[in-house]
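Got the model open in your viewer? Here's a walk through it, one selection at a time.

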Amino acid sequence: MKRFFSRMCGAAFAASLMLAAVPAPTAAAAGIQVTLDDKALSFSDAQPLMRNDRTFVPFRAIFESMGASVSWDNASRTVIAKRGDRTVQLTIGRKACSVTRDGADRSFTTDAAPFIEGGRTYVPVRFAAQALGAAVGWDNNSQTVIIADTETMMRTAFNGQFENINAIVKFAGTCVPVMPRSVTGSLGATFTFHTAMGDIPATVIGSLSGKENLEATELTANIKTDRSAIESAIIANEGINVIDENVDTLLKKLENVTVDSIISRADGKLYLKSDFLTELGISKGTWAMKPLDLSAGLTAIKNADAIDFVCAMAQQQTLSLGNSVVQIRQVIERLSDQSASLAGANIGSAGLHYQADASTTMDLTLSSDQALTIVRTVSPDGNTTSPMSKMTFVQRTTGTSITYEKNTGSYSAAVRIDLTPGASTSAPAIRPA
């Protein structure tokens with residue numbers, strides 16, 4: 001019984017919160033190949049290496065193959081690659097990757113640092129290629145790194161065709177402050193769990209407070225669940241004796257739950273910490289992490305740049321060997337003005353319908369009254385009239401509202417979060433300390 005309710009309450013908890021060393025030795029990666037735009041790259045005097053499950057390549061070979069000029073700063077032990085208006089710097093032993101374009105910072109942190117071995121400087125191929133605006137994938141069967149140069153395709157075959165997405169992303173960027181500010185809000189949710197005992201309804205209300213800036217939003221949520229509705233359903237279906245000590249303890253936990261969260265625009269992840277997570281097998285005081293489905297949007301909003309947005313959305317694709325150019329071209333085309341639709345006759349409005357994959361669509365609309373609406377729909381069976389999940393995100397400079405609906409065989413959920421900005425405060429954490 002306790003296990004069932006742990007899973008049940010954990011599902012409710014996750015659905016609502018979703019919104020809101022010793023180095024391993026280097027080994028020769030025999031047989032590892034790299035393709036760029038579906039063409040094999042050759043490495044003349046130094047082959048790719050594998051370290052800690054990451055593929056590294058000689059820095060000059062990878063950057064020059066992508067059309068960048070390369071230099072080496074011996075004093076700082078830094079690799080420098082320049083292509084167009086983009087400059088990338090990777091320093092030996094450091095995981096921070098410095099990226100600038102048009103003088104604006106696009107830097108990020110990797111989980112793999114460059115190193116020198118056998119007189120050759122190696123860089124992590126995924127992050128090196130992504131820093132130049134490419135999408136990167138991996139074909140395990142052939143042990144091949146797949147690179148598709150998204151930015152070059154945007155600047156050539158689709159040059160000048162991103163006015164709509166550029167307007168949308170730039171507006172979203174204006175809604176998030178460069179300087180930190182406070183944020184407060186409310187959360188309300190209704191869950192109906194479909195079980196062998198019958199439907200079990202639960203109502204959740206909560207308050208949120210925290211701070212945000214371009215890098216992240218840090219929130220603390222105080223959540224209260226209507227215990228009586230769940231308890232009444234249990235008694236009606238199973239009898240009062242089912243409410244044993246274990247179930248009673250769990251229900252008491254649900255009455256008041258405190259959750260700390262960090263929504264990181266710096267690395268596209270959601271971090272959660274709560275004593276309630278022990279019911280899901282996570283140690284008390286431990287942060288749980290989940291990559292965000294819309295991490296591409298988060299980083300692009302931070303940079304307020306259409307190229308960054310399209311490149312990041314392209315990176316979400318699972319690239320196929322020999323077909324990566326076609327795949328990336330489809331992403332670019334769907335996000336270009338070829339797929340745009342103006343919202344009525346409103347001057348200054350912009351709209352875009354994006355088919356991310358066979359089951360996921362995004363509709364983005366920027367109205368003339370300066371409200372950005374993003375609707376993300378997931379319909380695995382193709383039935384868009386009754387999708388499995390639908391999230392509507394409405395953003396203004398004065399605040400944000402999020403509604404989330406989900407229907408599965410085991411539960412239905414309807415969640416709403418409203419957030420309002422406030423006075424300045426200290427900066428939020430980008431990730432757990």
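Start by selecting Ala-131 and showing whatever surrounds it: setting aside neighbours within four places in sequence, Ala-131 is in contact with Arg-86, Val-88, Cys-97, Val-99 and Phe-108. Keep in mind throughout that this is a predicted model. Ala-131 belongs to helix H3, which covers residues 125-131. Is Ala-131 buried or exposed? Its relative accessibility is 1%, so it counts as buried. Now add Thr-100 to the selection and draw a C-alpha to C-alpha distance: Ala-131 and Thr-100 are 31 residues apart in sequence, yet the gap in space is 9.3 Å.

Stay here a moment for Cys-97, one of the contacts of Ala-131. Cys-97 is buried too, because its relative accessibility is just 1%. Don't go hunting for a sulfur bridge, though: a search of the whole structure turns up zero disulfides.

**Next: strand S8**

Select residues 86-91, which make up strand S8, and go to Thr-91. With a relative accessible area of 14%, Thr-91 falls under the 20% cut-off and so is buried. Which residues does Thr-91 touch, not counting those up to four places away in sequence? They are Ser-76, Arg-77, Thr-78 and Pro-114. Zoom in on Thr-78, since its side chain and that of Thr-91 are joined by a polar contact of 2.9 Å.

**Next: strand S5 and its partners**

Colour residues 54-58, strand S5. Four of its five residues are buried, so S5 is largely enclosed by the rest of the structure. Which strands pair with it here? One is S4 (residues 49-51), which runs antiparallel to S5 over three bridges. Show Arg-51 and Arg-54 together: Arg-51 stands opposite Arg-54 in S5. The two strands make a hairpin with two residues between them. Click on Asn-52 in that turn and you'll find a positive phi of about 50 degrees.

Now bring in strand S13, residues 120-124. S13 and S5 also run antiparallel, joined by three bridges. For a landmark in this pairing, pick Val-57, which faces Val-123 in S13.

While you're there, switch on the aromatic side chains. Phe-56, Phe-115 and Tyr-122 form one aromatic cluster. In total, there are two aromatic pairs. How are the rings of Phe-115 and Tyr-122 arranged? Their centres are 5.5 Å apart and their planes lie at 20 degrees, so this pair is stacked. Both ring-bearing residues are tucked away: Phe-115 is buried, with a relative accessible area of 6%, and Tyr-122 counts as buried at 6% relative accessibility.

**Next: a four-stranded sheet**

Hide that region and select S3, S2, S15 and S14. In that order, these four strands form an open sheet, and the pairing is mixed. Which strands stand at the edges? They are S3 (39-40) and S14 (135-139), and each has a single partner strand, so one side of each is left without a neighbour in the sheet. Move inward to S2 (residues 33-36) and S15 (residues 144-148), which pair in the parallel sense over four bridges. To line the two strands up, select Thr-35 and then Ile-146 in S15, its bridge partner.

**Next: helix H9 and the cores**

Select residues 306-315 for helix H9. How many of its ten residues are buried? Ten of the ten are, so H9 is largely enclosed by the rest of the structure. Click along the helix and you'll pass buried residues including Ile-307, Asp-308, Phe-309, Met-313 and Gln-315. Cys-311 is another stop, and at 9% relative accessibility it counts as buried.

Now pull up the nonpolar cores. The largest has 37 residues, and the members touching the most others are Phe-191, Ile-230 and Ile-417. Apart from it lies another core, of 34 residues, where you'll find Ile-307 again, along with others, among them Val-169, Phe-171 and Met-362.

**Last stop: Thr-377**

Finish in strand S24, residues 372-378, which holds Thr-377. Thr-377 has 12% relative accessibility, so it counts as buried. Show its surroundings, leaving out residues up to four places away in sequence: Thr-377 touches Ser-359, Thr-360 and Thr-361, and also Pro-387, Ser-389 and Lys-390.

Note on methods: Residues numbered from 1 in each chain as written. Predicted model: local features only at pLDDT ≥ 70, side-chain atom pairs only at ≥ 80, totals over all residues. Heavy atoms only, no water. Buried < 20%, exposed > 50% of the residue type's maximum accessible area, 1.4 Å probe, protein only. Contact = heavy atoms within 4.5 Å. Pairing = 2+ DSSP bridges. Polar contact = N/O pair within 3.5 Å; in protein donor to acceptor, adjacent residues only side chain to side chain. Core = buried A, V, L, I, M, F, W, Y, C linked by side-chain atoms within 4.5 Å. Disulfide = S-S within 2.5 Å. Phe/Tyr/Trp six-rings, centres within 6.5 Å; stacked < 30°, edge-to-face > 60°.
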